[in-house]
Amino acid sequence: MDEELRSVTERLRAESGGPEAYERLVATGDQDELAAVLTEPGQPLWARELAAFRLGLAGDRRAFESLVLLLNHRDPPRCASAAYALARLGDPRTARAAAALATNELRVAYALHPVRLLVELRAPESVPALITTLRRRLRPHDPYRRVALACVEGLGALGDARAAPVLNEALAHPVLAEAAVRALARIPKRR
């Protein structure tokens with residue numbers, strides 16, 4: 001069993017209390033049954049997450065909307081599982097959705113997993129979204145240093161020269177300086 005799937009199923013087993021419905025969702029191979037959980041009224045959040053996660057891993061695009069909602073959830077383990085499933089879903093809308101979530105200033109407290117997903121996707125939207133998000137985090141007294149650090153590290157991993165100016169700005173922030181030096185070292189020098 002995939003390690004992330006094992007982790008998600010254990011967490012959701014505890015959340016569900018282990019009812020018969022949980023066991024059925026874990027065991028089923030019927031993607032239509034899983035997709036129905038996403039649209040049936042009255043389904044608990046744990047069931048929707050489990051169904052969306054399993055569909056995402058299977059590459060079933062019916063999970064996309066549910067996974068994007070979970071990517072922006074206030075509960076970090078839900079965000080992490082959604083990001084993992086979205087990275088494997090293969091839906092072309094994923095990068096655009098992750099970029100929108102990462103750059104939404106009203107939801108910046110939940111931007112960590114969308115930022116990390118953008119790095120993993122390496123999509124055309126990734127670098128511009130990370131630059132925008134990081135630039136906003138460089139304001140004095142910004143409380144979202146984990147998001148800023150994820151942007152710095154992600155821009156280094158992506159190695160795109162467009163990130164050099166904002167990474168140079170990040171050098172002035174003690175919490176980000178060391179990561180910014182490493183990130184800048186990964187960007188190819190222009191000749």
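**Exercise 1. A residue in a loop**

Is His-141 buried or exposed, and what is its relative accessible area?

*Solution.* Note first that this is a predicted model.

Step 1. Place the residue. His-141 is found in the loop between α9 and α10.

Step 2. Apply the cut-off. A residue counts as exposed when its relative accessible area is over 50%. His-141 has 78%, so His-141 is exposed.

Step 3. Check the backbone. Phi of His-141 is positive, at about 65°, although His-141 is not a glycine. Arg-122 also has a positive phi, near 55°, and is a residue other than glycine. Arg-122 sits in the loop between α8 and α9.

**Exercise 2. The whole chain**

Describe the overall make-up of the protein chain.

*Solution.*

Step 1. Count the elements. The chain has 12 helices and 0 strands. Its pattern along the sequence is therefore written with α alone: α-α-α-α-α-α-α-α-α-α-α-α.

Step 2. Take the box. Along the principal axes, the C-alpha atoms fill roughly 60 × 35 × 30 Å.

Step 3. Look at burial. The chain has 191 residues, and 47% of them are buried.

**Exercise 3. Two aromatic pairs**

Find the aromatic pairs and classify each one.

*Solution.*

Step 1. Count. The structure holds 2 aromatic pairs.

Step 2. Take Tyr-22 and Trp-46. Their ring centres are 6.0 Å apart and their planes meet at 55°. Planes under 30 degrees apart count as stacked, over 60 as edge-to-face, and the rest as tilted. This pair is therefore tilted.

Step 3. Locate the partners. Tyr-22 belongs to helix α2 (residues 20–27) and Trp-46 to helix α4 (residues 45–57). They are 24 residues apart, and the pair links distant parts of the chain.

Step 4. Check burial. The cut-off for buried is under 20% relative accessible area. Tyr-22 has 0%, so Tyr-22 is buried. Trp-46 has 10%, so Trp-46 is buried.

Step 5. Take Phe-53 and Tyr-84. The centres of these rings are 6.0 Å apart, with the planes at 20°, so the pair is stacked. Phe-53 lies in helix α4 and Tyr-84 in helix α6, so the pair ties together parts that are 31 residues apart in sequence. Phe-53 and Tyr-84 are both buried.

**Exercise 4. Arginines over rings**

Which arginines lie over the faces of Tyr-84 and Phe-64?

*Solution.*

Step 1. Return to Tyr-84. Arg-88 lies over its face, 3.6 Å from the ring centre.

Step 2. Turn to Phe-64. Arg-93 lies over the face of this ring, at 4.0 Å from the ring centre.

**Exercise 5. The largest pocket**

Describe the largest pocket: its volume, its lining and its place between the domains.

*Solution.*

Step 1. Give the volume. The largest pocket has about 220 Å³.

Step 2. Name the lining. It has 16 residues, and the closest to the pocket centre are Pro-76, Ala-109, Tyr-110, Leu-112 and Arg-146.

Step 3. Trace the elements. Helices α6 (76–89), α8 (112–121) and α10 (145–158) each give two or more residues to the lining.

Step 4. Sort by class. The lining has 9 nonpolar, 2 polar and 5 charged residues.

Step 5. Explain the position. Domain 1 (1–91) gives residues to the lining, and so does domain 2 (92–190); the pocket therefore lies between them.

**Exercise 6. Sequence and space**

Compare separation along the chain with separation in space for three residue pairs.

*Solution.*

Step 1. Start with Leu-70, in helix α5 (residues 64–71). Its relative accessible area is 6%, so Leu-70 is buried. Leu-70 and Leu-55 are 15 residues apart along the chain, and their C-alpha atoms are separated by 14 Å.

Step 2. Move to Leu-130, in helix α9 (residues 126–137). Leu-130 has a relative accessible area of 0%, so Leu-130 is buried. From Leu-130 to Arg-93 the sequence gap is 37 residues, and the C-alpha to C-alpha distance is 17 Å.

Step 3. End with Ile-187, in the segment after α12 (174–185). At 6% relative accessibility, Ile-187 counts as buried. Ile-187 and Ala-35 are 152 residues apart along the chain, with 42 Å between their C-alpha atoms.

Conventions:
Residues are numbered from 1 along each chain as its sequence is written. This is a predicted model: local features need pLDDT of at least 70, side-chain atom pairs count only at pLDDT 80 or more; totals for chains, interfaces and linings use all residues. Side-chain values use heavy atoms; hydrogens and water are left out. On a 1 Å grid over the protein atoms alone, a cavity is a set of points where a 1.4 Å probe fits but cannot get out, and a pocket is an open set with protein on both sides within 12 Å along at least five of seven lines; lining residues have an atom within 4 Å of a point. Grid points are joined across faces, edges and corners, and a volume is the space filled by probe spheres set on the points. Helices (H or I, at least four residues) and strands (E, at least two) are DSSP runs, numbered from the N terminus. Ala, Val, Leu, Ile, Met, Phe, Trp, Tyr, Cys and Pro count as nonpolar, Asp, Glu, Lys and Arg as charged, and the others, Gly among them, as polar. Domain bounds come from an automatic or database domain assignment. Rings of Phe, Tyr and Trp (its six-membered ring) pair if their centres lie within 6.5 Å; planes under 30 degrees apart count as stacked, over 60 as edge-to-face and the rest as tilted. Buried means under 20% relative accessible area, exposed over 50%, partly exposed in between (1.4 Å probe, protein chains only). A charge sits over a ring if NZ of Lys or CZ of Arg is within 6 Å of the ring centre and within 35 degrees of the ring normal.
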